[in-house]
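Biologist: Let us look at what surrounds the ligands here. Please keep the answers short.

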Amino acid sequence: MQDFAPGAAVESRRTNGRTLATALLDALKDRGARQVFGLPGDFVLPFFRAVQESAILPLYTLSHEPSVGYAADAAARLGSTLGVAVVTYGAGALNMVNAVAQAYAEKSPVVVISGGPGAEEARMGLGLHHQVKSLNSQFEIFREVTCAQAILNDPDTAPFEIARVLDTALSMSRPVYLEIPRDLVDRPCPRVPRLALPQADATAARACAREILDRLRAAERPAILIGVEARRYGLEGKLAALCRALGVPVATTFMGRGLFAGEILPLLGTYLGSAGEPDVAEAVEGADCLLMLGVILSDTNFGVSYRNIDLRASIRAFDGAVAFSHHNYPGILLEALVDALAEIAEPIGSAAAAPSPRYTTGLVYDDTPLEPSDVATALNDLFATSGVMPIAADVGDSLFVGLEVCETDLVAPGYYASMGMGVPAGLAICTATGRRPVVLVGDGAFQMTGWELGNCRRYGWAPIVLVLNNRSWEMLRCFQPDQPYHDLDDWHFAQMAVPLGGEGVRVETRAQLKDALAAAYRDGRSFQLIEVMLPRGKTSRSLCRYSAAMRQLSVLKDE
Ligand SMILES: Cc1ncc(Cc2c([C@H](C)O)sc(CCOP(=O)(O)OP(=O)(O)O)c2C)c(N)n1
Ligand SMILES: [Mg+2]
């Protein structure tokens, strides 16, 4: 049982008119949540009413629960804070499991709040609508994709359960699950206490930092690889300063793409193994001491390299521990380690703040038919003159086109890689940052959640949405070229934009794309859908290299 901050017990006897619902909403806001995404149902209507009437957090509803989960996940990533998804019991919550699984795999602190059966109806002994097997089935399903869970069925313990679950979401940076019985929503409830957060062991962090620096100093070719925890724990500024002080070359992982936008540090670029820039691969794979900070050891981060990284010569700080080749330091939070390293940092290498990695610009204005990488070049040209915009990229070639756009904030599921996040994440960027995003999404992924654009008008959202329409599941065709089921029909998405409340245009040439982007940038009154027609069988340079490397690797493994 975790300790509570002093005075928590005293506070617990005063409710000050708070209810279980408003105590939960206050606790979410106190811990950094900025909005609630949701889709109601009868089990959660009482809680929805409390969200609406209390106005503690703004409420945005979307049209399908996977999108609610993706939007809450994106809001969490963008703000390095809690994202909130409120859904009904059964049909709603279980519809969102995949999005929450993605948040778990990619370390995003989404708070799932599901309405649940009240005590009386639970005792009726009848199967309830939306119930699957037992009344606890949903709780058990979410246990597998979250790091902490609670059913708030006891108002006396509810404040402490809420504190335990929310503070675990923040410290682990992973999703959590709260079920709120619909007959308890308005029950009086004291303020949710602040837990006494686990104190970082500064002595251990300093000892670990000294050992790391000794190893980096002793190495001939040290390198640093930084992953998503840098964003999840809001450490990009501290890490950029540390890397400048050390003078060691830095790369980000595939999932860490978009980190350090606007920061100055010796950043080589994104490590993509043999599918990326050779000099970046050489620096990472050839390092005789690779310091990995906040990196998920996944196939998408490391799976495409001819040379396996020598993990025995690497040091990995992840999930609150630091692993060396033959020993570990448990209980070292990343921020405590970065602070300890910064205390003793000195120049080890001579890698100066590198010029920003190379990105293609100068798309020729002519009638040449478009290819996927032209989209990145056109965006780089736009950003060079108008300033960068945050990007949400879906899975398919749009994920790889996003790699070819210059450094900017990027939300993309680069590891769990579920389709459907692009448009909902773009809508979340509108609410979480107040900035106008660019969404990169393929036609297949747009068929899944693109319709959420129909919610833009009532909330005043105006994303620029680039639908890469190759009438194909093209990324799958890269892996399996000879099947007709990768061919999709032409859905003419641009023609659907106006009925959904936006503007749409179909483009086929480089000149048409440049004109459409310029017009979309000028028109912030509604969402702007640009349907980019692309040939089947053509992919971006990055996806082409990635799939070639995957094929080459599978050939090598078969030999
Ligand atoms: C929810 C979901 N379903 C299926 C997949 C498998 C899958 C891909 C990955 C490998 O798992 S890439 C891809 C095709 C994407 O098509 P589209 O959006 O049109 O993009 P593009 O044509 O650029 O490929 C699928 C179906 C997935 N990642 N996520
Ligand atoms: Mg496609």
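Biologist: Which class gives the most residues to the shell around ligand 1: nonpolar, polar or charged?
Modeller: Keep in mind that this is a predicted model. Charged residues number 3 in this shell, and polar ones 6. The other 8 belong to the leading class, nonpolar.

Biologist: Which element gives the largest share of the shell around ligand 1?
Modeller: Two elements give two or more residues each: α19 (443-449) and α21 (474-479). The largest share is 4 residues, and they come from α19.

Biologist: How far is an oxygen atom of ligand 1 from a polar backbone atom of Met 475?
Modeller: A polar contact needs N or O atoms within 3.5 Å. Asp 397 offers a polar backbone atom 2.8 Å from a ligand 1 oxygen. Gly 444 does so too, at 2.8 Å. For Met 475 the distance is 2.7 Å.

Biologist: What percentage of the area of ligand 1 does the protein bury?
Modeller: Start with ligand 1 taken alone, which exposes 640 Å². Of that area, the protein buries 78%.

Biologist: Which residues coordinate the magnesium ion (ligand 2)?
Modeller: Along the chain, the donors follow the spacing D-x26-N-x1-S. Each coordinates at 2.1 Å. They are Asp 443 (OD), Asn 470 (OD1) and Ser 472 (O).

Biologist: How many residues apart in sequence are the parts that Asp 443 and Ser 472 tie together?
Modeller: Asp 443 lies in helix α19. Ser 472 lies in the loop between β17 (464-469) and α21. The pair therefore ties together parts whose separation in sequence is 29 residues.

Conventions: Residues are numbered from 1 along each chain as its sequence is written. Chains are lettered from A and ligands numbered from 1 in the order in which they are written. This is a predicted model: local features need pLDDT of at least 70, side-chain atom pairs count only at pLDDT 80 or more; totals for chains, interfaces and linings use all residues. Side-chain values use heavy atoms; hydrogens and water are left out. A polar contact is a pair of N or O atoms within 3.5 Å; within protein, one must be able to donate a hydrogen and the other to accept it, and residues adjacent in sequence count only if both atoms are side-chain atoms. Accessible areas come from the Shrake-Rupley method with a 1.4 Å probe; for residues, only the protein chains shown count as cover. Ala, Val, Leu, Ile, Met, Phe, Trp, Tyr, Cys and Pro count as nonpolar, Asp, Glu, Lys and Arg as charged, and the others, Gly among them, as polar. Donors are N, O and S atoms within 2.8 Å of the metal (3.2 Å for Na, K and Ca); water is not among the atoms, so sites may look incomplete.
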